[in-house]
Amino acid sequence: MDDNYASDRSYFDSGFSHPALSRELDGRVQYEVQSVMTRLRVSSIDDQFVDECKKTLQTKLADDIKTLKSLAAAADRRSVEDLENEADDEAEENNGPRFGPMKSHREQLMYGPLERIFEHIARSPWLVGQGAEPFDRVFRRQRATLTPNQYHTLVFPRFVPDFSLLRDCSLFQLPRARQRRWCDRDGFVQVKPSNKQHVYPTDPGGPASRLLTRVADYARLHLSARPFAVFSISLLIFGCGFCVCIIDRQGVLVSPRYHMWDDLDVFIRVVRSLTRVLDEHEVGLDPSVSPAPHSMSPDGTEAYIVDPVGSDPRRWCTVREPIWSSLSLFGRGTTVWRVREVNASGQLCGPEMIMKTSWRSSDWDAESFVYHAIKGSHPGLAKYVDGGDVRFPDNKHICISAYALRNATPPSDSEDAILHRIIYATIGRPVWEYRSERELLEGFIAALEAHQFLAKQNILHRDISAGNILLAEDSSKQGSAGFLTDLDLAWLEPDVEVKITETVSPPTGYGTIPSHLRGISTRTIIKYSSRRGGQISGTLQFMSVRLLNAISSDNRSTSSTIEDDLESFLWVLVYAVYRRVRSRIPRNCGSEESKHLVDAFRTAFGGRTIGEIIHARKSTSAIEHLAGSSFVIQNTSEFLRSLLAQYNAVMYFRRQFYSTGVYYQLQPSPAVLVSEGDAFTHEGMLNALRNVLAQLRDHPELDHSFDESP
């Protein structure tokens with residue numbers, strides 16, 4: 001999980017990490033995949049149109065073609081290493097800002113000719129009698145950094161792709177800031193000047209190229225910021241060569257390699273198809289989702305109609321922007337929305353609910369299976385309504401999965417990524433949007449009690465993170481100030497009795513149907529075993545130090561425990577306070593102290609690799625930075641700071657133990673709310689939180705109120 005930090009949508013410099021992404025791509029890239037071109041429907045472009053477009057292109061834009069050929073020939077005389085370093089060297093010479101991978105002068109010289117060629121292909125008149133083309137996308141040079149249209153994602157990098165595929169030309173009529181949103185892109189173009197900078201490996205088992213890892217990073221952000229995206233398309237141009245990549249939750253498919261001028265007809269078909277032919281689902285929109293009419297979103301945000309979830313027959317419409325969106329590429333890709341029911345007349349009705357969409361492994365039981373295993377209920381646990389794997393609307397027998405979207409069957413030794421969706425009746429908002437410290441602590445206590453409720457049934461959550469603890473919108477109606485959600489990675493006993501009720505359609509094709517079978521009915525299935533994945537699970541930025549060390553050392557005998565989950569609760573609390581305090585710093589504040597707080601947050605929660613996260617936990621304490629900031633002192637009570645300081649002491653002694661193997665204990669003191677021995681037990685942590693809450697209730701004047709959302 002990565003996530004955007006600042007309330008003013010400030011986001012950090014490049015999150016591009018070539019080694020980390022290269023490792024993620026290992027074993028996930030397929031080259032020379034002809035089905036990529038089939039999915040682009042290049043053969044549907046009329047041959048006569050391609051011939052006419054080719055002739056006019058070679059005549060009207062001959063100078064641009066000559067320029068691109070000359071640039072490629074000159075670049076081919078340089079080594080790949082020199083070409084890759086050119087942008088860095090030029091930026092250093094000019095003392096320019098670095099926001100993501102820089103663009104070399106050679107690359108920038110290609111932009112003008114390519115933009116005119118893209119425009120010519122996309123705008124060439126369609127032949128009379130061929131029917132109208134329903135889409136009007138356009139490739140445009142990306143001159144400014146793209147921004148997330150959401151507040152909920154931590155450390156959203158600043159990137160500038162070479163070209164964006166804008167979904168609609170009307171975007172040019174909107175304010176400039178509105179033109180820079182990731183969610184309005186249907187694809188990207190990445191450009192390299194030399195034929196040598198292609199993505200195809202000389203060593204079949206070698207690492208992915210730098211160009212491919214960069215495109216994968218763009219896809220990661222694109223899939224996070226574009227609502228209900230199930231794959232991302234990129235056109236890659238290297239010298240006079242080109243190919244198309246489709247990146248989904250299972251990996252990367254790379255088309256065969258083509259030559260722009262020798263295979264100009266193919267290039268024309270690709271550009272024309274992307275700009276004028278493919279519909280929204282063919283460029284990556286979830287097949288079970290469709291854009292809603294503007295009338296269903298009076299606040300101006302895009303809304304989406306979602307097909308029924310599980311056995312519940314209701315359709316849903318999203319409300320406002322998502323609450324949460326993961327930045328993982330090959331992980332679960334979780335997104336959380338507020339939704340309302342859409343009735344038969346196409347009107348919104350009923351209360352708001354929560355809809356969670358994520359990708360699950362085909363080797364794991366679905367999250368809905370876990371909810372069916374829970375005995376009883378708890379007010380601090382999200383109220384489950386229904387859930388199930390998402391199915392294609394035109395074929396309900398087939399689940400939407402990465403391989404199904406590829407129209408392929410997964411190999412026998414490979415898992416698949418299956419789209420799964422759940423509806424909750426419990427409405428919440430992010431934990432860092434607390435309006436008072438009392439609300440924050442009450443919400444944490446409720447979630448912690450729910451965790452204890454599950455633990456007593458031998459159900460371990462295993463993914464305590466900032467996105468999985470929510471504050472209740474209305475605690476009086478919901479019976480709890482906060483709640484715990486997302487049991488996707490929860491561990492169950494290997495053999496557990498689970499009763500699942502399914503909706504069964506009436507039989508067809510067998511003659512006359514008895515009256516008692518003509519309607520929709522239900523059946524109950526009892527399952528006695530569970531598949532819940534690996535021994536260690538969770539979100540790295542909130543994972544316990546013990547589990548991080550185990551992953552780093554490849555210790556496969558280590559398993560997640562209750563104590564690990566409770567340490568994650570602590571990191572979520574620290575994260576929430578950081579974000580809330582940051583929301584009170586004046587916009588564009590350039591003080592050293594504000595920069596120090598932002599840097600501390602980035603260090604504590606912005607790591608993208610195991611090594612970076614472990615280094616942050618061992619070399620410094622995120623809690624120490626909180627204690628030393630005047631912004632924090634001004635916006636937190638002494639009671640909350642005391643609690644965090646004492647947990648900081650516990651973590652200090654734990655770090656010493658992990659480093660030296662020598663175990664120290666805190667010195668007893670009457671003021672101590674936390675003792676090392678039970679700091680990470682349910683009772684110990686609950687007592688500590690309840691003590692601080694009691695102090696705030698006794699001294700309400702010391703509580704800090706936050707009226708605005710961060």
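The exercises below go through a predicted model of one protein, each with a worked solution.

**Exercise 1. Overall make-up**

State how many helices and strands the protein has, and what share of its residues is buried.

Solution. Begin with the elements: the protein has 20 helices and 23 strands. Next take burial: of the 710 residues, 56% are buried. Finally, look at the contacts between residues at least 6 apart in sequence: 74% of them join residues at least 24 apart.

**Exercise 2. The surroundings of D486**

Locate D486, decide whether D486 is buried or exposed, and list what D486 touches.

Solution. First, the position: D486 sits in the loop that runs between β21 (482-484) and β22 (498-504). Second, the accessibility: the relative accessible area of D486 is 4%, so this residue counts as buried, the cut-off being under 20%. Third, the neighbours: leaving out residues up to four places away in sequence, D486 touches R332, K356, E367, Y371, Y424, H461, D463 and N468. Fourth, one of these can be described further, since the side chains of D486 and N468 are joined by a polar contact of 3.5 Å.

**Exercise 3. The nonpolar cores**

Find which residues of the largest nonpolar core touch the most other members, and which helix gives the largest share of this core.

Solution. The largest nonpolar core has 78 residues, and V431, F444, I469, F569, F605 and F680 touch the most other members. Helix α14 (residues 562-582) supplies the largest share of this core, 12 residues. Now take F569 as an example: beyond its neighbours within four places in sequence, F569 is in contact with F444, A447, L448, H451, I464, I469 and M685. A second core, separate from this one, has 57 residues, including F49, L165, V244 and I268. As a general point, nonpolar side chains in soluble globular proteins tend to be buried together.

**Exercise 4. The largest cavity**

Give the volume of the largest cavity and describe its lining by residue, element and class.

Solution. Count first: there are six cavities of 30 Å³ or more. The largest cavity has a volume of about 170 Å³. Its lining consists of 21 residues, and L223, P227, F228, A229 and T335 lie nearest the centre. Then sort by element: α7 (210-225), β12 (315-325), β13 (335-342), β14 (348-361) and β18 (417-424) each give two or more residues to this lining. Of the contributions, that of α7 is the most, with three residues. Last, sort by class: the lining has 10 nonpolar, seven polar and four charged residues.

**Exercise 5. Positive phi angles**

For R320 and N407, give the phi angle, the place in the structure and the accessibility.

Solution. Start from the general rule: most residues other than glycine have a negative phi. R320 is not a glycine, yet its phi is positive, about 60°. R320 belongs to strand β12 and is partly exposed, at 34% relative accessibility. N407, also not a glycine, has a positive phi of about 60°. N407 lies in the loop between α10 (402-405) and β18, and is exposed because its relative accessible area is 73%, with the cut-off at over 50%.

**Exercise 6. V342 and I305**

State how far apart V342 and I305 are in sequence and in space, and describe V342.

Solution. In sequence, V342 and I305 are 37 residues apart; in space, their C-alpha atoms are 8.1 Å apart. V342 is part of strand β13 and is buried, with 6% relative accessibility. Apart from neighbours within four places in sequence, V342 is in contact with M296, I305, R315, W316, C317, Q347 and L348.

How values were computed
Residues are numbered from 1 along each chain as its sequence is written. This is a predicted model: local features need pLDDT of at least 70, side-chain atom pairs count only at pLDDT 80 or more; totals for chains, interfaces and linings use all residues. Side-chain values use heavy atoms; hydrogens and water are left out. Helices (H or I, at least four residues) and strands (E, at least two) are DSSP runs, numbered from the N terminus. Buried means under 20% relative accessible area, exposed over 50%, partly exposed in between (1.4 Å probe, protein chains only). A polar contact is a pair of N or O atoms within 3.5 Å; within protein, one must be able to donate a hydrogen and the other to accept it, and residues adjacent in sequence count only if both atoms are side-chain atoms. Contact means heavy atoms within 4.5 Å. A nonpolar core is a set of buried Ala, Val, Leu, Ile, Met, Phe, Trp, Tyr and Cys residues joined through side-chain atoms within 4.5 Å. On a 1 Å grid over the protein atoms alone, a cavity is a set of points where a 1.4 Å probe fits but cannot get out, and a pocket is an open set with protein on both sides within 12 Å along at least five of seven lines; lining residues have an atom within 4 Å of a point. Grid points are joined across faces, edges and corners, and a volume is the space filled by probe spheres set on the points. Ala, Val, Leu, Ile, Met, Phe, Trp, Tyr, Cys and Pro count as nonpolar, Asp, Glu, Lys and Arg as charged, and the others, Gly among them, as polar.
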